[in-house]
Amino acid sequence: MVFRGLMTLAQVRAVESILPGGAKLVVRAARPEDTAGLLAATVAVFEERGHTVTEPDEFQVTEEQERAWVQRHLDDPGSLVLVAEVDGVVIGSLSLERPNRRRLAHTAILGIVVTKEWRGRGVGTALIRSALAWAAESGAIEKVCLSVFSSNVGAIGLYERLGFAEEGRRPRGIKVGPGSYVDEVLMYRFVTR
Ligand SMILES: CC(C)(COP(=O)(O)OP(=O)(O)OC[C@H]1O[C@@H](n2cnc3c(N)ncnc32)[C@H](O)[C@@H]1OP(=O)(O)O)[C@@H](O)C(=O)NCCC(=O)NCCS
């Protein structure tokens, strides 16, 4: 992929790249007007009932609440929401959530979704690279953490390729059905020395 910086928005450098197949991907900071697109992409991924904790009926977020969530991240210099966009359509998103405790405020928890039809083309990689670059320059975030189903081997491989390592796991932390469990794998990556 060819990366090139486009502009600055809310201290995030928007990055444009060409995906395999020729579509133009833009990764940029989310704006309040992205609310409907963000919700649609998130709901589509939850509806797969795959490797995500939240089940579709548990996600009852209104557009107003989502807009406020985006705005809160724009206002907090230690938090971030990115969108991945193709032809003006949100096809993925990434959030970095900073805990509101001073002794934890050097950390951020990463969440990411890419809609099914766009996976395996580097969108997740582009989102995470942008988030790590932003975190390293933020002056606020030193450590990025995430948790992932032990069964989500593709995602774990992607995170390892981008420098994340396992820091522990919660055995049977996730119950995916009656008598069916997976471990919750905790991963981290420092973004400062
Ligand atoms: C996990 C997730 C975000 C990854 O996003 P993605 O866009 O598919 O990630 P990438 O395309 O960057 O990388 C995934 C794979 O594509 C490959 N890839 C990356 N760039 C590529 C390119 N330019 N051309 C072809 N393949 C590429 C990667 O090597 C990787 O290979 P793998 O199949 O061996 O894992 C996405 O699968 C998803 O949203 N899943 C459902 C929700 C979820 O599991 N979220 C994570 C919870 S912790």
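These exercises with worked solutions deal with a predicted model of a protein chain.

**Exercise 1. Confidence**

Find the mean pLDDT of the protein chain and the stretch where pLDDT is below 50.

Solution. The chain has a mean pLDDT of 93. Of its residues, 94% reach 70 or more. Residues 1-10 have a pLDDT below 50. In the model this stretch has 29 contacts beyond near neighbours in sequence. Predicted coordinates should not be read in detail where pLDDT is low.

**Exercise 2. Helix 1 and helix 2**

Decide whether helix 1 and helix 2 are roughly parallel or roughly perpendicular to each other.

Solution. Begin with the geometry: the axes of the two helices are 9 Å apart, and the packing angle is about 105°. Angles of 65 to 115 degrees count as roughly perpendicular. Helix 1 and helix 2 are therefore roughly perpendicular to each other.

Next, identify the residues that meet. Helix 1 contributes Thr35, Ala36, Leu38 and Leu39, and helix 2 contributes Glu63, Glu66, Arg67 and Val70. Sorted by class, this contact has four nonpolar, one polar and three charged residues.

**Exercise 3. Two arginines with positive phi**

Locate Arg49 and Arg172, and decide whether each is buried or exposed.

Solution. Take Arg49 first. Arg49 sits in the loop between helix 1 (35-47) and helix 2 (63-75). Its phi is near 55°, which is positive although the residue is not glycine. The relative accessible area of Arg49 is 54%, and exposed means over 50%, so Arg49 is exposed.

Now take Arg172. Arg172 belongs to strand 8 (residues 165-177). Its phi is near 50°, again a positive value in a residue other than glycine. Because its relative accessibility is 61%, Arg172 counts as exposed.

**Exercise 4. Helix 4 and its surroundings**

List the buried residues of helix 4 and the elements against which they pack.

Solution. Helix 4 covers residues 153-161, and Ala155, Ile156, Gly157, Leu158 and Tyr159 are buried there. These buried residues pack against two strands that precede helix 4 in numbering, strand 6 (107-114) and strand 7 (143-149), as well as helix 3 (123-138) and strand 9 (180-190). Gly163, just after helix 4, has a positive phi of about 100°.

**Exercise 5. Gly173**

Work out which residues Gly173 touches, not counting residues up to four places away in sequence.

Solution. Gly173 lies in strand 8. With that exclusion, Gly173 touches Val182, Asp183 and Glu184. Its relative accessibility is 43%, so Gly173 counts as partly exposed. As a check on distance, Gly173 and Val86 are 87 residues apart along the chain, and their C-alpha atoms are separated by 35 Å.

**Exercise 6. Asp76**

State where Asp76 is placed and how far its C-alpha atom is separated from that of Ser150.

Solution. Asp76 is in the loop between helix 2 and strand 4 (80-86). At 22% relative accessibility, Asp76 counts as partly exposed. The C-alpha atoms of Asp76 and Ser150 are separated by 31 Å, with the two residues 74 apart along the chain.

**Exercise 7. Aromatic pairs**

Count the aromatic pairs, then classify the pair of Tyr188 and Phe190.

Solution. The count is three aromatic pairs. For Tyr188 and Phe190, the ring centres are 5.3 Å apart and the planes stand at 70°. Planes over 60 degrees apart count as edge-to-face, so this pair is edge-to-face. Tyr188 is partly exposed, with a relative accessible area of 24%.

Definitions and conventions. Residues are numbered from 1 along each chain as its sequence is written. This is a predicted model: local features need pLDDT of at least 70, side-chain atom pairs count only at pLDDT 80 or more; totals for chains, interfaces and linings use all residues. Side-chain values use heavy atoms; hydrogens and water are left out. Helices (H or I, at least four residues) and strands (E, at least two) are DSSP runs, numbered from the N terminus. Buried means under 20% relative accessible area, exposed over 50%, partly exposed in between (1.4 Å probe, protein chains only). pLDDT is the predictor's confidence in each residue, from 0 to 100. Contact means heavy atoms within 4.5 Å. Axes are lines fitted to C-alpha atoms, for helices over the stretch in contact, and angles run from 0 to 180 degrees between N-to-C directions. Angles under 35 degrees count as roughly parallel, over 145 as roughly antiparallel, 65 to 115 as roughly perpendicular and the rest as oblique. Ala, Val, Leu, Ile, Met, Phe, Trp, Tyr, Cys and Pro count as nonpolar, Asp, Glu, Lys and Arg as charged, and the others, Gly among them, as polar. Rings of Phe, Tyr and Trp (its six-membered ring) pair if their centres lie within 6.5 Å; planes under 30 degrees apart count as stacked, over 60 as edge-to-face and the rest as tilted.
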